[in-house]
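Work through the exercises below with the sequence and the coordinates open. Each task is followed by a solution in steps.

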Amino acid sequence: MRRLCFVDILRMTRACSWWFSVGESYTSSPSYRPCFQTPWLLIPPPEEEEEDDDDKDDKGERKSNSSLCFFNLEEKKAYRDVSLCREVYEGRCVGSSHGWLFLLDKTANLSLFNPFSGARIQVEGSLKVGREEEEELFDVDSYTADGAKKYTGGRAFISKAILMMSDMGKKKINKDKDGVVLIYRGGQKLAFCMFNDGRFMDLCGAHESYDDVICYDNLVCAISQLYGFVEVWDLSTTGSSPSPIKVMDMRCCLPLKKASVFLESSEQIACSYHFYLVESCGELLSVVRIVGEFMDVHVDGKDNQPQKKILYPYKTLIFYVFRLDLHHEILVEIESLGDQVLFLGGNHSKSLRVQDCPGCVKDSIYFTDSYWERADEDDSYGGHDMGYYNLKDRCVKRFYDTQQRYKMKPTPFWVLPNLW
């Protein structure tokens, strides 16, 4: 069995209950050494399959997601028979971390789901997020209902969620020591919850709203949408104290003026900035993603007046990468990632060696769409902005052919395959 790749082991466990028990016993044994696996891309079914009436209910909505598939970067191939993803259509995927999907259902219940093993972990508790000293706590259910008029889907509540794991080496979730950290309320707030506690607590920040959050060196680090300010909390005393300790507020502005070069195009009307945090080779990196928005104005030849405005789908233009020195509270731009490959988007930001990611190009950033404000507001596009950016070539290339399809629903997510 040691010669079997991840896909073969996965298919073996689907054959019958006996083979499932064999696979479970093998992957749980000390002798199991999982091979490094390139992240897979969770993608919706082909467009022609989406129109299949047999998969829709009386209201015209999809009944299941049996055809939801994963795209393998190494093989440039889409797998449709390796996942158990019905739950993704029954709820809203709001995050991906260590092989688990964060799902928010229609009643605002948050859970973790492994699309390969079928395992599910419910995040227990009342799901009220707030500080105990406040007169009113933020109620997920009421906000989701009220926010439906202004926002679309579960991201009106949660825009990103990650696992907070005590032992990264074991890969398995320890419900006595692990928990979740999330960005909620349209990016305005941060909160965490330990599995054994069952209640959320706010992380009181000074630079709301937030783009990304990561666990680094036993700390929780979040990056703000306001010029990429970084805030850091120590949660190690949470077990004996009701409040986490904020240990740093790194007020250093990123050089956003570099984006002005892209505004020379007559069709481009704006740039937006998106910030990510990722641990790479023991260091903390801050990544700036610049997305351009475009409009074409057709002019009437008779009176030379604007006749029609066409808003085109947004697209990523460039990335900048900085190394964060938390001890001296400085950042330094880096020109190369070396043999590292970054995976960014709605997922838990990840850095891997290119040797461990067959099919990937070194010194590159592989990205999916995480421009939630735009992706969720328009039915004609959203989820389409995917590709990889090479820091040496300074250009964006495509790894997946969307076939001129600009609306990808559900939004693609990077997932690190595992059977734990």
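**Exercise 1: a hairpin**

Task: In the hairpin of E22 and E23, find the sign of phi at glycine 345 and the number of residues between the strands.

Solution. Step 1: five residues lie between the strands of this hairpin, and glycine 345 has a positive phi near 150 degrees. This comes from a predicted model.
Step 2: the strands on either side are E22 (residues 340–344) and E23 (residues 350–353), which pair in the antiparallel sense over four bridges.
Step 3: for the register, take valine 341, whose bridge partner in E23 is leucine 352.

**Exercise 2: a salt bridge between distant parts of the chain**

Task: Determine which residue forms a salt bridge with arginine 374, and whether each partner is buried or exposed.

Solution. Step 1: the partner is glutamate 293, with 3.0 Å between the closest N and O atoms.
Step 2: arginine 374 sits in helix H6 (residues 372–375) and glutamate 293 in strand E19 (residues 283–299), so the pair, 81 residues apart, links distant parts of the chain.
Step 3: buried means under 20% relative accessible area. Arginine 374 counts as buried because its relative accessibility is 11%. Glutamate 293 is buried as well, because its relative accessible area is 10%.

**Exercise 3: two further salt bridges**

Task: Classify the accessibility of the partners in the salt bridges of arginine 199 with aspartate 197 and of aspartate 393 with lysine 397.

Solution. Step 1: the closest N and O atoms are 3.1 Å apart for arginine 199 and aspartate 197.
Step 2: partly exposed covers the range between the buried cut-off of 20% and the exposed cut-off of 50%. Arginine 199, with a relative accessible area of 32%, is therefore partly exposed, and aspartate 197 is partly exposed at 39%.
Step 3: for aspartate 393 and lysine 397, the closest N and O atoms are 3.9 Å apart, against a salt-bridge limit of 4 Å.
Step 4: aspartate 393 counts as partly exposed at 44% relative accessibility, and lysine 397 counts as partly exposed at 36%.
Step 5: elsewhere, salt bridges that share partners join Glu231, Lys246 and Asp249 into one network. The search of the whole structure finds ten salt bridges.

**Exercise 4: confidence**

Task: State the mean pLDDT of the protein, and locate stretches where pLDDT stays under 50.

Solution. Step 1: the mean pLDDT is 76, and 66% of the residues reach 70 or more.
Step 2: pLDDT stays under 50 over residues 61–66, where the model has 24 contacts beyond four places in sequence.
Step 3: residues 126–153 also stay under 50, with 45 such contacts in the model.

Technical notes: Residues are numbered from 1 along each chain as its sequence is written. This is a predicted model: local features need pLDDT of at least 70, side-chain atom pairs count only at pLDDT 80 or more; totals for chains, interfaces and linings use all residues. Side-chain values use heavy atoms; hydrogens and water are left out. pLDDT is the predictor's confidence in each residue, from 0 to 100. Contact means heavy atoms within 4.5 Å. A salt bridge is a side-chain nitrogen of Lys or Arg within 4 Å of a carboxyl oxygen of Asp or Glu. Buried means under 20% relative accessible area, exposed over 50%, partly exposed in between (1.4 Å probe, protein chains only). Helices (H or I, at least four residues) and strands (E, at least two) are DSSP runs, numbered from the N terminus. Two strands pair if DSSP finds at least two bridges between them.
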